[in-house]
Each structure stands twice: as C-alpha cells, then as structure tokens.
Amino acid sequence: MSSRTTAIAITVLLVLVAALLPLWMGPFFTRVIQLFFFSAALAVAWNILGGFSGYWSFGHAAFIGMGAFSAAHLVAQLGPFGSGPWSMVVPVLAAGLICGVFAAIIAYPILRLRGIYFAIAMLGVSQVVGELVNNVRWFQGGTGVFLQSPVPAGMRPEVFYYYIFGALLLLGFLISVAVRNARFGYALFAIREDEDTAMMLGVATERYKIMAFVLSATLVGMLGAVYGYSVGYLTTYTVFRLDFSLNMIVFCLIGGIGTLYGPIIGTAIMLFITQVLLSRFLDMHLLITGAIVVTIILLMPGGVIGAFNSLRRKSSDQANTTRAEAAR
Amino acid sequence: MSQIILSGRGVSKSFRGLKAIQDVDFDIPEGSIFGLIGPNGAGKSTLFNLITGYYPLTAGEIRFKDQDLSPLPTYRRNQAGIARAFQISKPFPALTVRENIRVGAMFGDASRAASEDTVEQALATVGLQDLADRTAEGLTVGALRKLEVARAFATRPTLLLADEPCAGLNPVETREMVECLRKVREHGVTVWLVEHDMKAVTSICDRIIVIDAGKKIAEGSPQEIVADPKVIAAYLGEPLEEAGH
C-alpha cells in the first residue's frame, strides 16, 4: 500500500470516527473536541500562508473578528437569511468573501514587506481593525451584537458546532492538500525558501503570495463567523483576541510548520495538555503551558512532524548503511 | 556569425554616487558560450542583476531577442527565456533535488506532464539522476552547483547566465561543470558565464568580455584576452616602474 493510500484511508477512518463520537461522548469532551476542530481549522488556514509561503502573520485574529462582525451586521441589516442551520450559509460565506476582499486590498502594501516586518504589520492591522470595531459606534464592538442561534430544535449546541467546525476543518485540510500538490503549492514553497530565486525561476511571486493570503483570510473569516454564531453575543474582545493569533502560530510550530498534518497534530497536543491534563491546575496552567511550548520547540525545532521525519530518515539511512556493508 | 540574442548599449548603473557599471556595450551571439571576467568588485554580478531585472538600469538599454527588457519584471524575463544560475547556490533546502528542478520546470509555459520530461532532461544534462530523491540540504558543493544549473536549465531558457559556477570546486568538479555547460549549449541554450577560473573560461568560451571598475576594458577570443596588456594590468596590477610615476 502506498503512503498516499494509507494517508487517505487514515483520513477517512478519522472522519468516520469523528462523525460517530458525539453519539456517546459527554458534553465536556464534545466541547473540547469542538474547540479542537475550531482551533485546528484556524491553524490549517494560517498554515496556508504562514507555513507554505513563510509569511508569518501575527494578526490573523483580525479575520476572525471581521468574519464574526460581518456576519452579525449582515444579519442585522439584511437578514434573517432563513431559519435554523441554513440561516448561517449566506452570512458565513459573505464573511469569508469580505475577509478575502479585505486581504486582497491590504496585500498590496503589506505583502511587500518580508519576514518579521510582515508579521509586525499584520499585528498592527489586527490592532487597528479591533480598535475601529471597538470605537466606531456603527460597528457596536463596544456594546456588543447578537447573532440568532442556528441550532436546530432538539439538538445540543455543542454537538451542532462540533459537526460544523469538524466540516470546516475537513474543508480547510482538503484545500491545503490541493494547494500543496498544485503548482500553487510549489510556488509558495519557492517563495518561502528564497523569494528572489523564485522570481528568477519564473514564479510570479506577488500573485501567488496574494492568492495564499486571500485564501487563508477567507477561511479564517468563515471560521470567525461560525465562532460568532457559537458565542451568540459578540463584543470586540470576544473575537479580536491576540491569543487567537498566537495560538495559530504556536499550534503550527508544535506540530510542524508548513506540513499538512502539523497544524492539526500540534493543536491536538496543545489542547489535550491545556484543556484536559491541566484543567485541574487552573492557577498554574499558563506557566506549565509556557514551559511545555519552550521545551518542545527547543527539542523539536521542526515540530512533531519534523522530529518524526528525521527519525525515519535516520533509520532508513542506517538500513542503507547496513545494506551497503552487507554488500561489501 | 549567427544572430545576436542579447545586446546592451550604454548600460549603466549607479548606487547613489557609486558608478557600479558605466556605459557597457555587449552583443551575445545566439548559440555561443560567452565569458565575462574581471577582478572582484568589477561589477560582473551587478551586470547580471541588471539583465535579470533585479535592479533597474540607471541609463542605457538591454535588448533580448530585439525586445527592450526594461518594462519586464524578473519573472517575465525568465518566461521570455533568460535563466540565471546564482553564484551562491540557492537551492530550496527542504525540497529534494527533483522537486527543486521541478520548481524551475513548472513555471514556464508548459503543462504539468511536459514539465516532468523537462525535469528528467535537466537531471540527465547535469548528471544528477542518482541524487534526484535526496533533499538539497546535504549535497556537496559540486552537486549544489549542478543543481543550480539544472534548475535554471529546467525553465527552458534560450540564454543562461551562469554566475561563477566553478567557484569553490576542485579540478575534477570544475571539469564536470565545464562539460555540463557544454551540454547545456548543445540543447540550444546560449551561455553567458562569469568565472574566475581562467583555465575553465579559456577552455570553454568562444569570446570573452573583461570589465574592471564597472567599465568594459577588453573583448575578444580567449587567446586575445590572455595576451591583452590591459587585462593583465587589471588582474595583476601595473608593472612596477609605471606605478612609480
């Protein structure tokens, strides 16, 4: 069996298991896994830009916030768009579109910045957008906005959002697989490794960077909108949160930045540690989390996937040497 | 002689007050292997950077296949047929040799399937088939240089600018690289080569341009160049009695 078939088989199996889990899982674990789906989907979306092209954004929470507030205002001004779960469709898609368009506009000036300058510029963008939403009265970021619950009658909310976020994670993952294997993905890798060389190899670097940025922002915007629904009542500080921006980066780092599974594995590890293992040490948990993050990054600079790959390479090198010696 | 593929007239570049390239003319005939030599800091890499569009010209004009290059961004110049192998090898370290070359092949005008043929052809041209599935990270300097040439070759250029492909190579590797460039030319690619290794340059080049302190000081066949007193002076300094004046 090729590694590709194995990967597809494992993915399908995981999706099936995930689909059946809520049938017997209690509310606590359903909520933990729902949070995992949401966070992992964010990390996967961040990874398309930050991991594949090397443009680390420190302000992706801007798109969570814009997505959530776009959906809320759209419903308030033009809604409702039906009732029950279907009422989410138009606002969520529109939120993605708005974030994508916004990203395309700011891409022109800020994607010219490289490395840490881009990271800081995005941090600035998220602060500015957050402040605007907070202080411009029309946005009502200070007082807060409501989103009508789309949860169908008789369904537990955590189960409903479990499926919605699960589906979005799957969507984000499949998109990043498609990107990775396409010409688009190669362009982004080339940009990450060396942008000048990429240009010299005929890669239209500007265009591909903007495409990755818009795609990433669109996905995060949609996730932000659904998150808005799941919270129900939004203020600026519910969604424009620095810890959202940082988590996306940390989860990718822990799992393996720029890889397909890294963001998901990293999120799983970190959420398991913080939500399950440390749930009893509320007073200490940030301290311990910090220590764990530093340790993992020091011991495994390539993340879990990177460590796994280098282990595998080592053992196959060893096998090769033994074979070569035997041949001699 | 055949047609001129690349020509420069009055090519100049200043960085603030520093005149890096001054009024250089050149005509590169199609199908030739051309040399560009000069002491360190003479402006050889700057000249290549002007041709690839990394810097804009301060004055003058560069024409490629009779088309003015100045409005084209770097990636368009590549798509038009100019490739460059960098002096300091810049492979994508996390990718395998084949994937590195594939990046070069992918962004030409070809379809995905056609680009796989190009990748294999480039691997064969430089003789890297055995290392194709290794990551670029662990390669020797010699292999990295070949990869650099292969990746540029995979963009299907008609002109390859090779910036010191033999620097830091041992004599065996240098000979292999010279062979490699000959093979590139056999595929119909014009080669313009910056090189310090005089043996390599004189053995392979049809014609050589010499620049010093940003100015062209000589042009001719390898035999003419090595005998040219101006070239000798630029490389070795003026004879002692003249320097005393």
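A polar contact is a pair of N or O atoms within 3.5 Å. One such pair appears at the start of helix 6 of chain B in this predicted model, where a side-chain oxygen of Asn170(B) comes to within 3.1 Å of the backbone nitrogen of Val172(B).

Helix 6 of chain B is a good place to begin the tour. Its 16 residues, 171–186, should span 22 Å at 1.5 Å a residue, and the C-alpha atoms at its ends lie 23 Å apart, which agrees. Thr174(B), Met177(B), Val178(B), Cys180(B), Leu181(B) and Val184(B) are buried in this helix. These residues lie on the same side of helix 6 of chain B, because the arc they cover around the axis is only 160°. Pro171(B), Arg175(B) and Glu186(B), on the other side of the helix, are exposed. Just after helix 6 of chain B, Gly188(B) adopts a positive phi of about 85°.

Helix 6 of chain B also takes part in salt bridges. Arg182(B) pairs with Glu179(B) in a salt bridge whose closest N and O atoms are 3.0 Å apart; both residues sit in this helix, 3 residues apart, about one turn. Arg182(B) is partly exposed, with a relative accessible area of 27%, and Glu179(B) is partly exposed at 40%. A second salt bridge joins Arg185(B) to Asp206(B), with 3.2 Å between the closest N and O atoms. This pair links distant parts of the chain, 21 residues apart: Arg185(B) belongs to helix 6 of chain B, and Asp206(B) to the loop between helix 7 and strand 9 of chain B.

In helix 5 of chain B, Glu148(B) forms a salt bridge with Arg151(B), the closest N and O atoms being 3.4 Å apart. About one helical turn separates Glu148(B) and Arg151(B), as they are 3 residues apart in the helix. Glu148(B) is buried, with a relative accessible area of 3%, and Arg151(B) is buried at 1%. In chain A, a network of salt bridges links Arg114(A), Glu195(A), Asp196(A), Glu206(A) and Lys209(A).

Turning to the interface, 27 residues of chain B contact 20 residues of chain A. The area buried between the two chains is about 2,100 Å², and carbon and sulfur atoms give 66% of this area. Tyr75(B), Phe92(B) and Phe107(B) supply 30% of the area that chain B buries against chain A, more than any other three residues. Between chain B and chain A there are 0 salt bridges, alongside 6 residue pairs in polar contact. Elements of chain B giving two or more residues to this side are helix 2, strand 6, helix 3 and helix 5. Helix 3 of chain B gives the most, with 5 residues.

Notes. Residues numbered from 1 in each chain as written. Chains lettered and ligands numbered in written order. Predicted model: local features only at pLDDT ≥ 70, side-chain atom pairs only at ≥ 80, totals over all residues. Heavy atoms only, no water. Helix = DSSP H or I, 4+ residues; strand = E, 2+ residues; numbered from the N terminus. Expected span 1.5 Å × (residues − 1). Buried < 20%, exposed > 50% of the residue type's maximum accessible area, 1.4 Å probe, protein only. Arc of directions from axis to C-beta. Polar contact = N/O pair within 3.5 Å; in protein donor to acceptor, adjacent residues only side chain to side chain. Contact = heavy atoms within 4.5 Å. Buried area = accessible area lost by both parts, 1.4 Å probe. Salt bridge = Lys/Arg side-chain N within 4 Å of Asp/Glu carboxyl O.
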